[in-house]
Amino acid sequence: MSRVAHPAGPRYADVLPADHPPAPPADLNELSAAVWPRSARRADGVLTVGGVDVRELAATYGTPLFVCDEADLRSRCSDYRDAFGPDAGVFYAAKAFCSKAVLRWVSDEGLGVDVCTGGELEVALAAGVPPEQITLHGNNKTVAELTRAVEAGVGHIVLDSAEEIARLALIVNPDGMTPPAHRPRVLVRVTTGVEAHTHEFMATAHDDQKFGFSLSSGAADEAVRRVMASQDLALAGLHSHIGSQIFDTAGFEVAAHRVLELAVRIRDEHGVEIEELDLGGGFGIAYTDEDEAPEVKLLAHSIRDIVDRQCQAAGLPRPRLTVEPGRGIAGPGTITIYEVGTIKDVDGLRTYVSVDGGMSDNIRTALYDASYTCALASRASDAPAMLSRVVGKHCESGDIVVRHAYLPSDLAPGDLIAVAATGAYCRSISSNYNHVPRPATVAVRDGAAQVIVRRETLDDLLRLDVG
Ligand SMILES: Cc1ncc(COP(=O)(O)O)c(C=O)c1O
């Protein structure tokens with residue numbers, strides 16, 4: 001039998017993106033304060049968060065498990081509130097992580113909540129967030145979502161399309177004859193053309209994308225004209241969100257400048273000064289020691305300063321400034337605990353450490369090529385560092401949790417590892433891929449743990465499948 005000769009093609013290694021692992025850390029057991037929750041410690045070598053031993057958490061609640069340091073999350077709310085000051089609004093972006101407990105905490109801490117779907121809105125209302133402290137976003141809000149928001153009395157609706165301006169006006173004044181007693185306060189979302197220095201899928205203010213009204217095309221000016229011409233809507237101000245995981249303030253500076261230029265045109269054309277300027281979220285956090293996330297205080301100082309200067313230069317009174325941090329509040333205080341399963345050394349290339357979750361609980365590595373820090377959590381080890389790739393249990397070779405992880409070479413099945421800074425855009429973008437149930441989220445504080453989102457069960461999955 002003759003063998004078929006295959007034409008020479010590129011080798012797998014040639015088509016992979018450049019793979020540059022960082023240098024190994026000096027001490028594998030050390031928990032960098034920049035990356036781990038504020039209460040993370042090692043007690044007799046074992047990781048504790050909120051004073052609770054991760055082995056106990058795994059034994060009681062199972063793995064994979066999201067563990068949220070409540071005090072950390074609350075303290076970040078007050079960091080933002082204090083940094084931006086009493087005259088500014090801070091609205092937590094619920095898309096980062098949305099649960100009743102968390103929305104209650106942020107509301108207790110004096111923040112509002114930004115929601116972008118009817119589902120997030122229901123959770124905020126169920127959590128008892130005062131409706132006037134809720135802002136509704138979304139590039140494709142349905143009639144049902146807008147109606148619910150109007151009936152609940154949300155504080156602001158951010159308009160994202162010409163269609164939506166008409167849709168909202170029709171909801172509040174169906175026959176066009178009876179202007180409402182309370183006109184919804186609206187913000188017009190402006191696309192500033194800023195190319196934020198972040199992953200393409202996290203940048204939201206360049207012209208060629210789905211959100212908002214473009215400034216450069218004149219669509220934003222036209223949207224304002226339509227709102228001003230409506231008797232049914234009250235223009236509160238302008239909104240801009242340039243992207244996510246941003247470390248420098250240059251993008252905010254350009255965005256604020258361009259939005260305030262529109263505010264000047266609104267004053268000149270309509271004789272109205274905007275009351276509110278919402279600059280969105282996007283403030284970056286440290287996922288690894290290589291990330292230099294700016295201090296919230298410095299960031300706030302810089303953004304306030306930018307707005308002050310721009311308003312002064314434009315001869316505008318300073319509108320009320322609002323920001324919408326999501327990742328910066330929920331991201332750093334949560335870790336994911338996984339149990340180690342298979343450990344495979346592939347021909348001296350690297351060691352693959354498989355864990356009991358993966359891309360269904362953290363899609364960010366596959367989606368954004370995100371980097372994470374992880375550590376052996378159930379014990380300390382003095383064994384030498386082993387360059388590993390932490391992978392999930394899903395049927396995809398892109399199912400990577402941590403691309404480059406230094407773990408001790410005595411790592412064994414049954415050990416627990418923890419991945420840091422998984423509070424934002426992990427549980428909230430989780431899926432049931434391969435019918436893997438979603439993990440629970442447990443809040444820890446002062447030595448006690450409490451389930452805030454229970455683990456999905458196989459029964460939950462089967463209940464949806466009606467045969
Ligand atoms: C309008 C808006 N506001 C706030 C946020 C929160 O961004 P981050 O979590 O990066 O702070 C987002 C994220 O996509 C957003 O689209």
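Partly exposed denotes a relative accessible area between the buried limit of under 20% and the exposed limit of over 50%. Arg265 falls in this class because its relative accessibility is 33%. The structure described here is a predicted model.

The overall fold comes first. The protein chain contains 13 helices and 21 strands. Its C-alpha atoms occupy a box of roughly 75 × 60 × 55 Å along the principal axes. The radius of gyration is 24 Å. A compact globule of 467 residues would have a value near 23 Å, so the two agree. Of the 467 residues, 53% count as buried.

Salt bridges were examined next. The structure holds 31 of them. One of these pairs Asp221 with Arg265, at 2.7 Å from N to O. Asp221 belongs to helix H8 (residues 219–229) and Arg265 to helix H9, so the bridge ties together parts that are 44 residues apart in sequence. The two partners fall in separate accessibility classes. Asp221 counts as buried because its relative accessibility is 11%, while Arg265 is partly exposed at 33%.

A further bridge joins Arg81 and Glu109. The closest N and O atoms of this pair are 3.8 Å apart. Distant parts of the chain are linked here: Arg81 sits in helix H3 (residues 70–84), and Glu109 sits in the loop between helix H4 (100–108) and strand E6 (112–115). The separation along the chain is 28 residues. Arg81 is partly exposed, with a relative accessibility of 31%. Glu109, at 16%, counts as buried.

Within helix H10, Asp305 and Arg309 form a salt bridge of 3.4 Å, N to O. The two residues are four positions apart in the helix, so about one helical turn separates them. Asp305 is partly exposed at 32% relative accessibility. Arg309 is also partly exposed, with a relative accessible area of 41%. Elsewhere, salt bridges with shared partners form one network. Its members are Glu70, Arg74, Arg81, Asp82, Asp108, Glu109, Arg445 and Asp446. The Arg81 and Glu109 described above are thus both part of this network.

Charge also gathers at the surface. Asp27, Glu30, Asp289, Glu290 and Asp382 make up a patch of negative charge. Among them, Glu290 lies in the loop between strand E12 (276–278) and helix H10 (296–314). Glu290 counts as exposed because its relative accessibility reaches 62%, and the exposed class begins over 50%.

The loop between E12 and H10 also contains Gly282. Gly282 is buried, with a relative accessibility of 8%. Its C-alpha atom lies 30 Å from that of Glu396. In sequence, Gly282 and Glu396 are 114 residues apart.

Ser397 provides another loop position. The loop in question runs between strand E17 (385–391) and strand E18 (400–408). Ser397 is exposed, with a relative accessible area of 69%. From Ser397 to Ala366 the C-alpha distance is 9.8 Å, across a sequence separation of 31 residues.

Backbone geometry was considered last. The peptide bond from Thr63 to Pro64 is cis, and its omega is near -5°. Pro64 is placed in the loop between helix H2 (54–61) and strand E4 (65–69).

Positive phi values occur at two residues described here, Gln245 and His435. Neither Gln245 nor His435 is a glycine. Phi of Gln245 is near 60°. Gln245 lies in the loop between strand E11 (234–239) and helix H9 (250–270). At 13% relative accessibility, Gln245 is buried. For His435, phi is about 55°. His435 occupies the loop between strand E19 (416–419) and strand E20 (440–445). Its relative accessibility is 57%, so His435 counts as exposed.

Definitions and conventions. Residues are numbered from 1 along each chain as its sequence is written. This is a predicted model: local features need pLDDT of at least 70, side-chain atom pairs count only at pLDDT 80 or more; totals for chains, interfaces and linings use all residues. Side-chain values use heavy atoms; hydrogens and water are left out. Buried means under 20% relative accessible area, exposed over 50%, partly exposed in between (1.4 Å probe, protein chains only). Patches are made of residues with over 30% relative accessible area and no salt bridge: like charges are joined within 9 Å, nonpolar side chains (Val, Leu, Ile, Met, Phe, Trp, Tyr) within 5 Å. Accessible areas come from the Shrake-Rupley method with a 1.4 Å probe; for residues, only the protein chains shown count as cover. A salt bridge is a side-chain nitrogen of Lys or Arg within 4 Å of a carboxyl oxygen of Asp or Glu. Lys and Arg count as positive and Asp and Glu as negative; His and the chain ends are not counted. The place of a charge is taken as NZ of Lys, CZ of Arg, CG of Asp or CD of Glu. The radius of gyration is taken over C-alpha atoms; the globule rule is 2.2 Å times the number of residues to the power 0.38.
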